[in-house]
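Here is a structure to read with care. The questions below ask how each description is earned.

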Amino acid sequence: MIILGIETSCDETAVALYHAKKGLLGHKIYSQITLHAKYGGVVPELASRDHIKHLTPLLVDLLEEIKLSLKDISAIAYTQNPGLVGALLVGATFAKSLAFALNIPTIGLNHMEGHLLAPFLEPIKPEFPFLALLVSGGHTQIVKVRRFSEYELLGETLDDAAGEAFDKTAKLLGLAYPGGPILAKLAEQGNAKKYNFPRPMLDRPGLDFSFSGLKTHVLNVAKQQHLDEQTKADIAAAFEDAVVDTLIKKLLRAIEQTGFTEIVVAGGVSANKTLRKRLDSLATQQKVKIYYPKLEFCTDNAAMIAYAGCEHFKRGKCDNNWQINVWARG
Ligand code: KG4
Ligand code: ZN
């Protein structure tokens with residue numbers, strides 16, 4: 001059984017083929033970074049048009065590379081939600097049309113379920129039950145996962161997501177798009193102790209996050225400084241430290257609350273080196289195991305969508321008989 005995965009929720013066009021027994025057969029990602037860079041952020045209409053342009057060539061390349069043909073595909077999984085509406089529509093239309101032509105089913109998926117399951121693409125896999133810290137450009141969530149497809153939302157951001165805060169802070173420091181990884185790189189040259197930025201919502205109970213106040217705080221500090229390269233690096237390091245500290249402390253709270261010892265950390269911000277370093281020491285201190293996707297599967301990709309689709313399809317689920325997973329709050 002081979003599942004084609006399609007990801008078009010934001011600014012990456014991606015396709016992947018996952019074999020139920022052999023695992024990932026191959027995948028391709030086309031990043032739209034250069035298209036959006038001159039606007040300083042993703043332009044939704046341009047993103048949709050670019051997905052249309054690249055989906056077919058990417059799939060043709062992938063099939064050629066792994067020497068398979070369309071008739072080898074058993075079902076097509078695609079990101080149904082959340083994401084940019086036009087961009088999602090391109091992926092869904094492509095998936096549905098191709099599936100209609102091939103007379104095979106489609107499986108619409110929650111993009112965040114794809115991120116959550118991405119560590120299962122690695123050789124050492126998490127064991128159920130586990131806690132997932134999902135940190136992407138659009139979401140920051142702590143999810144309790146009892147077993148496959150049984151998710152309970154324990155906490156989420158009330159405003160900006162962690163990745164969004166990275167991107168917006170990068171922009172106000174005058175850094176290029178995409179801001180998150182560029183700010184993280186700059187932070188390596190900075191001294192995080194030069195500024196003491198707030199750790200939002202740590203003084204309140206619960207597992208929710210809020211990052212928009214931190215971003216405004218950074219803006220106010222930045223306005224009062226002469227922004228030379230070293231000052232920018234110090235601000236970047238102190239900002240990164242505040243975000244990472246907040247994520248770690250809330251995750252620790254969730255570990256204490258649930259007693260779970262298997263932890264998944266995924267989504268674009270899980271590529272962040274400082275976060276990974278702090279998570280690794282948390283793992284040693286708390287005697288928990290932390291699983292990440294490999295770097296190329298932290299950010300958006302279709303391998304995670306093909307894998308998630310395969311797991312649902314194995315259980316007989318497809319668009320004809322199933323509604324996509326939406327995390328419910330406990
Ligand atoms: O998961 P993802 O590719 O897309 C969404 O589903 O949103 O995450 C993208 C986010 C962006 O906000 C990007 O700036 C952030 O992940 N990101 C990082 C790093 N790499 C990507 N943030 C901090 N440090 C990084 N190394
Ligand atoms: Zn994503």
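Buried means under 20% relative accessible area, exposed means over 50%, and partly exposed lies in between, with a 1.4 Å probe and protein chains only. This is a predicted model, in which local features need pLDDT of at least 70 and side-chain atom pairs count only at pLDDT 80 or more, while totals for chains, interfaces and linings use all residues. Residues are numbered from 1 along each chain as its sequence is written, chains are lettered from A and ligands numbered from 1 in the order in which they are written, and side-chain values use heavy atoms, with hydrogens and water left out.

Q: Are Tyr-18 and Tyr-307 buried or exposed?
A: Tyr-18 is buried, and Tyr-307 is buried as well, so each has under 20% relative accessible area.

Q: Why is the pair of Tyr-18 and Tyr-307 called edge-to-face?
A: Rings of Phe, Tyr and Trp (its six-membered ring) pair if their centres lie within 6.5 Å, and planes under 30 degrees apart count as stacked, over 60 as edge-to-face and the rest as tilted. The centres of Tyr-18 and Tyr-307 are 5.3 Å apart with 80 degrees between the planes, so the pair meets both conditions.

Q: What does the pair of Tyr-18 and Tyr-307 tie together?
A: Tyr-18 lies in strand 2 (residues 12–19) and Tyr-307 in helix 10 (residues 303–314), so the pair joins parts that are 289 residues apart in sequence. Helices (H or I, at least four residues) and strands (E, at least two) are DSSP runs, numbered from the N terminus. Ring pairs also link Tyr-18 and Tyr-307 with Phe-120, Phe-128 and Phe-130 into a cluster.

Q: What makes the largest nonpolar core a core, and which helix gives the most to it?
A: A nonpolar core is a set of buried Ala, Val, Leu, Ile, Met, Phe, Trp, Tyr and Cys residues joined through side-chain atoms within 4.5 Å. The largest one has 48 residues, and Phe-197, Phe-239, Leu-279 and Ile-290 have the most contacts inside it. Helix 8 gives the most to this core, with 14 residues. Apart from it lies another core, of 39 residues, among them Tyr-18 and Tyr-307.

Q: Which residues are the protein donors of the zinc ion (ligand 2)?
A: Donors are N, O and S atoms within 2.8 Å of the metal (3.2 Å for Na, K and Ca), and water is not among the atoms, so sites may look incomplete. His-111 (NE2), His-115 (NE2) and Asp-300 (OD) lie 2.0 to 2.1 Å from the zinc ion. Both His-111 and His-115 are buried, and both lie in helix 4 (residues 111–117), four residues apart, about one turn of the helix.
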